[in-house]
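Biologist: Can you walk me through a structure? I would like to start with contacts between side chains and go on from there.

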Amino acid sequence: MSESKKFDLVVLGGGPGGYTAAFRGADLGLSVCLIEKGNRLGGVCLNVGCIPSKTLLHGALVIEEAQEAADFGITFNKPEIDLEAMRAKKESVIKKLTDGLDGLVKARKITRITGNGVFQDQESLKVTTAEGDSVIGFKNAIIATGSRPFALPGQPEDSRIWDSSDALRLDFIPGRLLIIGGGVIGLEMAQVYSALGSEITIVEMLDQLIPPADKDMVQPLFQKLKKIYTIMTNAKVTKITAEENAVKVVIEHKEKEETSEYDAVLIAVGRKPNSEEIGLDKLGITTSSRGYIEVDEQQRTSAATVFAIGDVVGDPMLAHKATHQGKVAAEVCAGHNSAFSALAIPAVAYTNPEVAWMGFTEKEAKEKGIEYDKGKFSWGASGRALSSGAAIGASKVLFSKETGRIIGAAICGLNGGELIHEAVVALELGADAEDISKTIHAHPTLSETFAFACEMVDGSITDALPPKKKK
């Protein structure tokens, strides 16, 4: 084992949260060591998650838009799919971004180690690399080890039974694809494979697709998808058997069990934190029943010199949450008085139409007993949505009855994931309905549908009938 080297900051994990923490720490003058077990930085998000999935989703959207162009009097021949070229495009995007991260590491003079790190105590880690073991000392450390897909109990090992990483490899296009889990990952992969020719079946244990979002804001998407996919809610898979010619699956639905065969099965039922086997016991850190590390608003763990960020500290498991927490942790390590105090973390399903939400959903507000005023505007009355072939959708906003300030919003529609950020800024700035409705929005745009939803609340709406006043 080589001798110990000591750094001001060691970051364990090179995903979005980890590399952001390392970069911020270096920019603030700390000596930084970044440890990542994979050969490429970027973690799940960049390599087998957000970025490759959005690349494939864009290809799927092009196919869908070409089909839908017939409504505008434009027709195309049936597309020819070159899987090898599609995979190459995905890999080129990943390579460009990971190469960029490598350049930023070098420019900031960060020591990067490819290997597995395990804490020995509150001042050192043992790192195992291809060359052997070494000890890395630190004044402070940040855990950014991310998460991995859940596997179902008794799930057989078979190349046709996928997790999200397997699905993104695009090894082949199954004729019949079963997706277990109707959340964001499952629906995004459904869109990709449906566009490429797969017959899609979705099984969701709860009563709606995308369970964290309000049902009414998922409904426009559901109404479209149910015409294309077989969708079973309030259903569960009780058995999976890998046979020679197909994967046989038993599904319990409407108090009956039915057995069906599929060419591939994608299991997309959530993720679990990578908090095991990194030496937390040597730090005196215990995890929750779900494996999460508890932290305070400065991302400190119960160990004085160790911080934790991203998926490993709990939901929501989103890259943009991890990056902001990474900055906070690095700033605190550099002696700054920083805290993670975001009022809202936006979430997006990159489906077609997209579903995005932030702050309180209606069901959360009701559960917490928060009284609110609601404005909702259908995109069927939006000139921009109609002229763009994007009339399926709605914008919704919630305001506190007590303070008048915005507390939540959701958008289902074209580019909803981009549009939602006006609502996030409004919430962070404490805007009320009048603030937003009197802010001039360009016409015709999709963004004005959010202003229209606010006008429904302050009573100034003219693009629709105003809501009836309660007596």
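Modeller: We will go through salt bridges, nonpolar cores, a sheet and aromatic rings. Keep in mind that this is a predicted model.

Biologist: Noted. How many salt bridges are there?
Modeller: The count comes to 24 salt bridges.

Biologist: What is the general idea behind such a pair?
Modeller: Side chains of opposite charge can pair when their charged atoms come close.

Biologist: Give me an example. What does R40 pair with?
Modeller: R40 forms a salt bridge with E91, and the closest N and O atoms are 3.7 Å apart. R40 sits in the loop between β2 (32-36) and α2 (43-48), while E91 belongs to helix α4 (residues 83-107), so the salt bridge ties together parts that are 51 residues apart in sequence.

Biologist: And how exposed are R40 and E91?
Modeller: R40 is partly exposed, with a relative accessible area of 34%. E91 is also partly exposed, at 33%.

Biologist: What about K224 and E68, how far apart are their N and O atoms?
Modeller: The salt bridge between K224 and E68 has an N to O distance of 4.0 Å. K224 is in helix α7 (residues 215-225) and E68 is in helix α3 (residues 50-68), so this pair ties together parts that are 156 residues apart in sequence.

Biologist: Is K224 buried or exposed?
Modeller: K224 is buried, because its relative accessible area is 17% and the cut-off for buried is under 20%. Its partner E68 is partly exposed, at 34%.

Biologist: Now R169 and D166. Where do they sit?
Modeller: Both are in helix α5 (residues 164-169), 3 residues apart, which means they are separated by about one helical turn. Their side chains meet in a salt bridge with 3.0 Å from N to O. R169 is partly exposed at 42% relative accessibility, whereas D166 is buried at 18%.

Biologist: Which residues are linked in a network of salt bridges?
Modeller: D214, D216, E362, K374, K376 and K396 are linked in one.

Biologist: Changing topic. Which residues touch the most other members in the largest nonpolar core?
Modeller: I210 and V355 do, in a core of 40 residues. Helix α6 (residues 184-195) gives the largest share of this core, 6 residues.

Biologist: What does V355 touch?
Modeller: Leaving out residues up to four places away in sequence, V355 touches I210, A213, M217, V218, L221, A347, V348, A349, I411 and C412. Apart from this core lies another one, of 28 residues, and W379, I420, A426 and A431 are among them.

Biologist: Is there a general tendency behind cores like these, and what is it?
Modeller: In soluble globular proteins, nonpolar side chains tend to be buried together.

Biologist: On to sheets. What is the strand order in the open sheet of 3 strands?
Modeller: The order is β12-β13-β14, and the pairing is antiparallel. β12 (235-242) and β14 (256-262) stand at the edges with a single partner strand each, so one side of each has no neighbour in the sheet. From one strand to the next, the twist averages 20°.

Biologist: How many bridges are there between β13 and β14?
Modeller: Strand β13 (residues 247-253) pairs with β14 in the antiparallel sense over 7 bridges. As one example, I251 has E258 in β14 as its bridge partner.

Biologist: Last topic, rings. How many aromatic pairs are there?
Modeller: The count is 5 aromatic pairs. Y19 and F23 form a tilted one, with 5.5 Å centre to centre and 40° between the planes. These two residues are 4 residues apart in helix α1 (residues 16-27), which means about one helical turn separates them. Y19 is buried, and so is F23.

Biologist: And why is the pair of F119 and F138 called edge-to-face?
Modeller: The planes of F119 and F138 are at 90°, with the ring centres 5.9 Å apart, so the pair is edge-to-face. F119 is in strand β4 (residues 116-121) and F138 in strand β6 (residues 132-143), and the pair links distant parts of the chain, 19 residues apart.

Biologist: Are F119 and F138 buried or exposed?
Modeller: F119 is buried, with a relative accessible area of 2%. F138 counts as buried too, at 1%.

Biologist: Which residues form one aromatic cluster?
Modeller: W162, F172 and Y193 do.

Definitions and conventions
Residues numbered from 1 in each chain as written. Predicted model: local features only at pLDDT ≥ 70, side-chain atom pairs only at ≥ 80, totals over all residues. Heavy atoms only, no water. Buried < 20%, exposed > 50% of the residue type's maximum accessible area, 1.4 Å probe, protein only. Core = buried A, V, L, I, M, F, W, Y, C linked by side-chain atoms within 4.5 Å. Contact = heavy atoms within 4.5 Å. Pairing = 2+ DSSP bridges. Axes fitted to C-alpha atoms, helices over the stretch in contact; angles between N-to-C directions. Phe/Tyr/Trp six-rings, centres within 6.5 Å; stacked < 30°, edge-to-face > 60°.
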